[in-house]
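Let's walk through this structure together, starting from one helix and working inward. Have the model open beside you as you read.

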Amino acid sequence: GHSTSKHIEMDRMFVVIKPNAAKLYGDNIRTHLVGNGFEIVREKVVHFNEIIYQNLSLDCSGQNIDAAVKYLASDQIIVMILEKVNGYEDIIDIVGHRDPSYARNQQLDSIRAIYGKNVIENAIEVSLN
(Lines give C-alpha, C1' and ligand atoms only; values in the text may rest on other atoms or scores of the structure.)
Protein backbone atom coordinates (compact mmCIF):
# COMPACT_ATOMS: atom_id res chain seq x y z
CA GLY A 1 0.00 0.00 0.00
CA HIS A 2 1.15 3.52 -0.78
CA SER A 3 0.87 5.89 2.13
CA THR A 4 0.85 9.63 1.78
CA SER A 5 3.59 10.11 4.36
CA LYS A 6 7.09 10.68 3.06
CA HIS A 7 8.45 7.26 3.83
CA ILE A 8 10.15 5.44 1.02
CA GLU A 9 8.38 2.47 -0.48
CA MET A 10 10.48 -0.68 -0.10
CA ASP A 11 9.41 -3.20 -2.71
CA ARG A 12 9.90 -6.90 -2.13
CA MET A 13 9.76 -9.50 -4.87
CA PHE A 14 10.18 -13.21 -5.37
CA VAL A 15 12.56 -14.32 -8.10
CA VAL A 16 13.26 -17.72 -9.62
CA ILE A 17 16.44 -18.34 -11.59
CA LYS A 18 15.54 -21.20 -13.87
CA PRO A 19 17.48 -24.41 -14.59
CA ASN A 20 20.50 -24.00 -16.89
CA ALA A 21 20.72 -20.34 -15.94
CA ALA A 22 20.92 -21.28 -12.25
CA LYS A 23 23.75 -23.69 -12.94
CA LEU A 24 25.65 -21.72 -15.58
CA TYR A 25 24.96 -18.09 -14.73
CA GLY A 26 23.75 -18.02 -11.12
CA ASP A 27 26.65 -15.86 -9.95
CA ASN A 28 26.41 -13.51 -12.95
CA ILE A 29 22.68 -12.99 -12.49
CA ARG A 30 23.15 -12.44 -8.75
CA THR A 31 25.83 -9.84 -9.50
CA HIS A 32 23.57 -8.23 -12.13
CA LEU A 33 20.73 -7.84 -9.59
CA VAL A 34 22.95 -6.57 -6.77
CA GLY A 35 24.68 -4.21 -9.20
CA ASN A 36 21.28 -2.72 -9.96
CA GLY A 37 20.64 -2.00 -6.30
CA PHE A 38 18.61 -5.05 -5.29
CA GLU A 39 19.32 -6.63 -1.93
CA ILE A 40 19.03 -10.42 -1.77
CA VAL A 41 17.12 -10.91 1.47
CA ARG A 42 16.91 -14.69 1.26
CA GLU A 43 18.17 -17.25 -1.19
CA LYS A 44 17.76 -20.99 -1.52
CA VAL A 45 18.61 -23.63 -4.08
CA VAL A 46 15.72 -26.04 -4.52
CA HIS A 47 14.56 -28.79 -6.85
CA PHE A 48 10.78 -28.99 -7.15
CA ASN A 49 8.91 -31.72 -8.94
CA GLU A 50 6.24 -31.10 -11.55
CA ILE A 51 3.36 -31.44 -9.10
CA ILE A 52 4.54 -28.45 -7.07
CA TYR A 53 4.84 -26.28 -10.18
CA GLN A 54 1.39 -27.28 -11.37
CA ASN A 55 0.03 -25.99 -8.06
CA LEU A 56 1.91 -22.69 -8.19
CA SER A 57 0.21 -19.97 -10.14
CA LEU A 58 3.15 -19.10 -12.36
CA ASP A 59 2.74 -16.46 -14.97
CA CYS A 60 3.31 -18.59 -18.03
CA SER A 61 0.83 -16.72 -20.17
CA GLY A 62 1.19 -17.60 -23.83
CA GLN A 63 3.50 -20.47 -23.00
CA ASN A 64 3.03 -24.17 -23.29
CA ILE A 65 2.43 -24.80 -19.59
CA ASP A 66 3.45 -28.48 -19.76
CA ALA A 67 6.74 -27.67 -21.43
CA ALA A 68 7.41 -24.83 -18.99
CA VAL A 69 6.68 -27.04 -15.98
CA LYS A 70 8.76 -29.92 -17.32
CA TYR A 71 11.67 -27.57 -17.84
CA LEU A 72 11.41 -26.03 -14.37
CA ALA A 73 11.23 -29.49 -12.77
CA SER A 74 14.23 -30.74 -14.76
CA ASP A 75 16.89 -29.42 -12.41
CA GLN A 76 17.72 -27.18 -9.47
CA ILE A 77 16.56 -23.59 -9.41
CA ILE A 78 17.56 -20.67 -7.24
CA VAL A 79 14.77 -18.85 -5.46
CA MET A 80 15.42 -15.41 -4.03
CA ILE A 81 13.57 -12.72 -2.19
CA LEU A 82 14.78 -9.31 -3.35
CA GLU A 83 14.21 -5.88 -1.89
CA LYS A 84 14.76 -2.46 -3.37
CA VAL A 85 13.26 0.97 -2.95
CA ASN A 86 10.83 1.37 -5.87
CA GLY A 87 12.13 -1.94 -7.16
CA TYR A 88 8.95 -2.85 -9.03
CA GLU A 89 9.64 -0.12 -11.56
CA ASP A 90 13.18 -1.32 -12.14
CA ILE A 91 12.83 -5.09 -12.13
CA ILE A 92 10.78 -5.25 -15.35
CA ASP A 93 13.51 -3.54 -17.38
CA ILE A 94 16.31 -5.43 -15.66
CA VAL A 95 14.68 -8.81 -16.29
CA GLY A 96 13.58 -7.94 -19.82
CA HIS A 97 10.92 -9.26 -22.15
CA ARG A 98 9.98 -12.90 -21.62
CA ASP A 99 11.07 -13.68 -25.18
CA PRO A 100 14.88 -13.34 -25.14
CA SER A 101 15.08 -12.71 -28.89
CA TYR A 102 12.86 -9.65 -28.42
CA ALA A 103 14.88 -8.61 -25.37
CA ARG A 104 18.08 -8.82 -27.43
CA ASN A 105 16.61 -6.30 -29.86
CA GLN A 106 15.07 -3.90 -27.36
CA GLN A 107 16.70 -4.39 -23.94
CA LEU A 108 20.32 -5.37 -24.56
CA ASP A 109 21.34 -5.10 -20.91
CA SER A 110 18.48 -7.19 -19.55
CA ILE A 111 19.02 -10.56 -17.89
CA ARG A 112 16.91 -12.38 -20.47
CA ALA A 113 18.75 -10.75 -23.37
CA ILE A 114 22.08 -11.90 -21.96
CA TYR A 115 21.24 -15.29 -20.43
CA GLY A 116 17.93 -16.35 -21.97
CA LYS A 117 17.70 -18.96 -24.71
CA ASN A 118 14.02 -18.97 -25.68
CA VAL A 119 10.59 -18.19 -24.22
CA ILE A 120 10.67 -21.19 -21.89
CA GLU A 121 14.38 -21.20 -21.11
CA ASN A 122 14.41 -17.48 -20.40
CA ALA A 123 16.65 -17.55 -17.32
CA ILE A 124 14.46 -15.82 -14.75
CA GLU A 125 10.90 -15.45 -13.50
CA VAL A 126 9.65 -12.69 -11.21
CA SER A 127 6.59 -12.54 -8.99
CA LEU A 128 5.74 -9.06 -7.69
CA ASN A 129 4.02 -9.84 -4.43
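**One helix, two faces**

On the side of α4 that points away from its buried residues, you will find E89 and D93, both exposed. Keep in mind as you look that this is a predicted model.

Now turn the helix around. Buried in α4 are G87, I91, I94 and V95. Looking down the axis of α4, you will see these buried residues fall within an arc of 85°, so they line one face of the helix. What lies over that face? The cover for the buried residues of α4 includes β1, α1, β3, α6 and β4 (124–127). Just past the end of α4, G96 adopts a positive phi of about 90°.

From here we can step into the interior. In soluble globular proteins, nonpolar side chains tend to be buried together. In this model, the largest nonpolar core holds 18 residues, and I17, I29, L33, L82 and I111 have the most contacts inside it. At least two residues of this core come from each of β1 (10–17), α1 (21–35), β3 (77–85), α4 (87–95) and α6 (111–115). The element that gives the most is α1, with four residues.

L33 is a good place to pause. Leaving aside residues up to four places away in sequence, which ones does L33 touch? They are F38, M80, L82, I91, I94 and I111. Two of these names, I91 and I94, may look familiar from the buried residues of α4.

There is also a second, separate core, made of eight residues. Among them are V16, Y53, V69 and V79.

Definitions and conventions: Residues are numbered from 1 along each chain as its sequence is written. This is a predicted model: local features need pLDDT of at least 70, side-chain atom pairs count only at pLDDT 80 or more; totals for chains, interfaces and linings use all residues. Side-chain values use heavy atoms; hydrogens and water are left out. A nonpolar core is a set of buried Ala, Val, Leu, Ile, Met, Phe, Trp, Tyr and Cys residues joined through side-chain atoms within 4.5 Å. Buried means under 20% relative accessible area, exposed over 50%, partly exposed in between (1.4 Å probe, protein chains only). Contact means heavy atoms within 4.5 Å. The arc is that of the directions from the helix axis to the C-beta atoms.
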